[in-house]
Amino acid sequence: MQAVSVPYVQVNKQYVEEEPELLEIIRNVLSSRSYVLDSLIDELESELAEFCGTKYAVTLNSGTDALMLGMMAAGISRGDEVITPPNSFVASTTAIVHIGARPVFADVLPDQNIDPAAIESAITPKTKAIMAVHLTGRIAQMDLIQAIADKHGLMVIEDAAQAAGSRYLDKPAGSFGTIGCFSAHPLKNLNACGDSGFLTTNDAAIAQRVRRLRSHGMSDRSTVEEWGFVSRMDTLQAAIVQYRLKQLPTVIQRRREHAKFYQTHLQLPQVFIPACRPQEYNSFHTFVIQSERRDELATYLATQGISTAIHYPIPIHLQPAAKSLGHKPGSFPITEQQAQRILTLPVNQFLSREHQVAVVDAIKAFFAKDA
Amino acid sequence: MSIKTPSPKAASSHYLEVPWSYLPKQFNDRAIEEIFARLRAFIPTGDFTLGKPLVEFEQKFAKLIGTKHAIGVNSGTDAIKLSLKALGIGPGDEVITAANTFIATVGAIVEIGATPIFVDCTDNFCLDAVALEAAITPRTKALLPVHFAGQMSDMPTIMDIAKRHSLPVVEDACQCILGNIDGKNAGSWGNSGAFSLHPLKNLNVWGDGGMIVTNDDALAQYLRKLRNHGLVNRDEVGIMGYNSRLDTTQAVVGNWLIEQVDFITDTRIAHAQILDAGLSAIQQITLPPRYTNRKLVYHLYMVFAEQRDELLQYCIAHGIETKVHYPLPVYLQPAVRNLCNTQLGDFATTDRHAKTMISFPAHEHLSKDHLEHIITTVARFYRE
């Protein structure tokens, strides 16, 4: 078999595809001398709100800040508990910690998203909110989660950092919870050329408060209404996000085709791929397989020129930073087992069919070796 | 860009537009072309997060200030916040700062759960070292002098106090890049120095940005983790961190502008000298102290004026974009009063300044005519 190099990300290809439009956009921002909180921001916020099916969207410096400022604006504070899965990127948890609340972990399902049954048993009198993380671009089971939240009078927070454009029961990510928190980091499906993020909500008071919080807590040039932050999306990044929002459906469509190919051709007893439920429209920020021999497989694929990644090898509750939370190995068995088994295959929108065939053949060859 | 219709007053010989903002000049058509060319070369690299141009900018910045390290962050506010956090300041700790600063200084203290303790300033707009020492309690965990408006706090005295009380110092140098005392730059005195790169600062980028400088290797290493989710490497999270990186795209703009920072600084100083000479001859105007051993960089050019509010309106009516920084001192802001129980009259000098200080444009893109117009307009106001 001829080895082909299969890259995990191809930011350069994205540039080549977009070059003429992107350069014009950058030039326009420069020529208009627009820096921060310009009318362009208002425009983009309307478009993002429309795309996510919410009344409001507020642009921010990052997805992490969307979680942090959003939870503050929603009234979560010191002493409150927020239930969240331990297998996310660490920012989901640090956002909770930084507002003085306590992260309470609930284990996940085979599809890597938070387990509704585990949520129920993590609820205490101090629980204020459930933060569902739509990991890999698959929306958590929001109907079940909302039912639990309603039953216990809790708020639902969507960490949709990996799920821009994903749908569940035909509703877009960001439209389920009290707030939806998105990242537009360069490695996201909807990406800026630097750090960027945004928040969605149907609650006018939350939107207004986050707008204040992102700009020193100021209600006008001279009045500081409350303690705030600096967390604004630069207009340069906003213009790029605005352009790429229009491309996003195509990006997702291509990724879905790649995912479909893997799903069809990787039906092996040694490989577990969580099925897509009929009510899911997944955007495949990542395409993750699970296998007992993950490390050997990753090493083998690397020798075949195929880059893979692991999202994430160390669960949050076992990170040095989480020591004070007092968890031990064994606290969240599914998450910990998955951390040993998960492997992210290249699924970026620029893969060719040849790339994909190479990935499938290499995985099959690996398992055939000692069959 | 919108084209302003000429004001009916434009015909008057007593009218000349003196703009506050230098941005249209700083980013003129030629500059736009140069920046565009740099971005065009950078964007295809995809090196967007903590990329090479950022490393280059940090090295240039550290060299400029004269420190071992510079760490790019998302804003000047974050530069203060992360500095305090890295020094172990948290809930219950007191941080002493100036009662007249921009809100962000105080916001940074509050954000990490610490308590701001205010002290009054002297007539150079920077905190009073005597009042500072008197405000120290057993709960004091850091000193946060603010080099307001491009003036320098009395760093030799403050560092001496800090040493005697074993307290760390974070310098809020957001408005004072390249200001110095006896040749030692703002930001290089304390444990760390915080800078803002916001478009309205002397050295700026194309959006929000900030920089922390320090000579402390361990502090620098901790700060680099703190700004990047606490990540020790791709997989391991050592501490609960933030997402507060200076965008590499912004660093590309910073690398372009940092070459002009000496021109910007020197021109502002020259303009301030012209304004000083003209305005000091007017009886109703008092200049803040000037020093032979200090380099003041005039991020804001501020003086004290009798009948300040009328003068302000008169200057604006004659085309000069005149401002007040700030009409409501930070300690009297609603957000602060709720937290610190401060009230009007607590800080006499700050209160007096709020009523008498006035800021005139003095930036590097003004002409001699602009400066002359400021002086003659102020003189005419008091004559009339």
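**Two chains, two domains and a helix pair**

Hi everyone, let's start with a pair of helices: H4(B) and H8(B) lie oblique to each other, because their angle falls outside the classes of roughly parallel (under 35 degrees), roughly antiparallel (over 145) and roughly perpendicular (65 to 115). Before going on, please note that this is a predicted model, where local features need pLDDT of at least 70 and side-chain atom pairs count only at pLDDT 80 or more, while totals for chains, interfaces and linings use all residues. Residues are numbered from 1 along each chain as its sequence is written, and chains are lettered from A and ligands numbered from 1 in the order in which they are written.

Back to our pair. The angle between H4(B) and helix H8 (residues 217-226) of chain B is about 120°, and their axes are 10 Å apart. Axes here are lines fitted to C-alpha atoms, for helices over the stretch in contact, and angles run from 0 to 180 degrees between N-to-C directions. Helices are DSSP runs (H or I, at least four residues), strands are runs of E with at least two, and both are numbered from the N terminus.

Which residues of H4(B) meet H8(B)? They are Leu82(B), Lys85(B) and Ala86(B), and across from them in H8(B) sit Leu219(B), Tyr222(B), Leu223(B) and Leu226(B). Being in contact means that two C-beta atoms, placed from the backbone, lie within 7 Å. By type, this contact has six nonpolar residues, no polar ones and one charged. Ala, Val, Leu, Ile, Met, Phe, Trp, Tyr, Cys and Pro count as nonpolar, Asp, Glu, Lys and Arg as charged, and the others, Gly among them, as polar.

Now for the two chains together. Chain B puts 48 residues in contact with 47 residues of chain A. Helices of chain B that each supply at least two residues to that side include H2 (29-42), H4 (76-86) and H9 (248-257). The side of chain B that touches chain A has 25 nonpolar, 15 polar and eight charged residues.

Chain A has domain 1 (11-243) and domain 2 (249-369), with bounds from an automatic or database domain assignment. Their centres, taken over C-alpha atoms, are 24 Å apart. In their contact, domain 1 of chain A takes part with 28 residues and domain 2 of chain A with 25 residues.

Last stop: is Ala49(A), in helix H2 (residues 39-52) of chain A, buried or exposed? Ala49(A) counts as buried because it has 21 C-beta neighbours inside 10 Å; the cut-offs are 20 or more for buried, 12 or fewer for exposed, and partly exposed in between.
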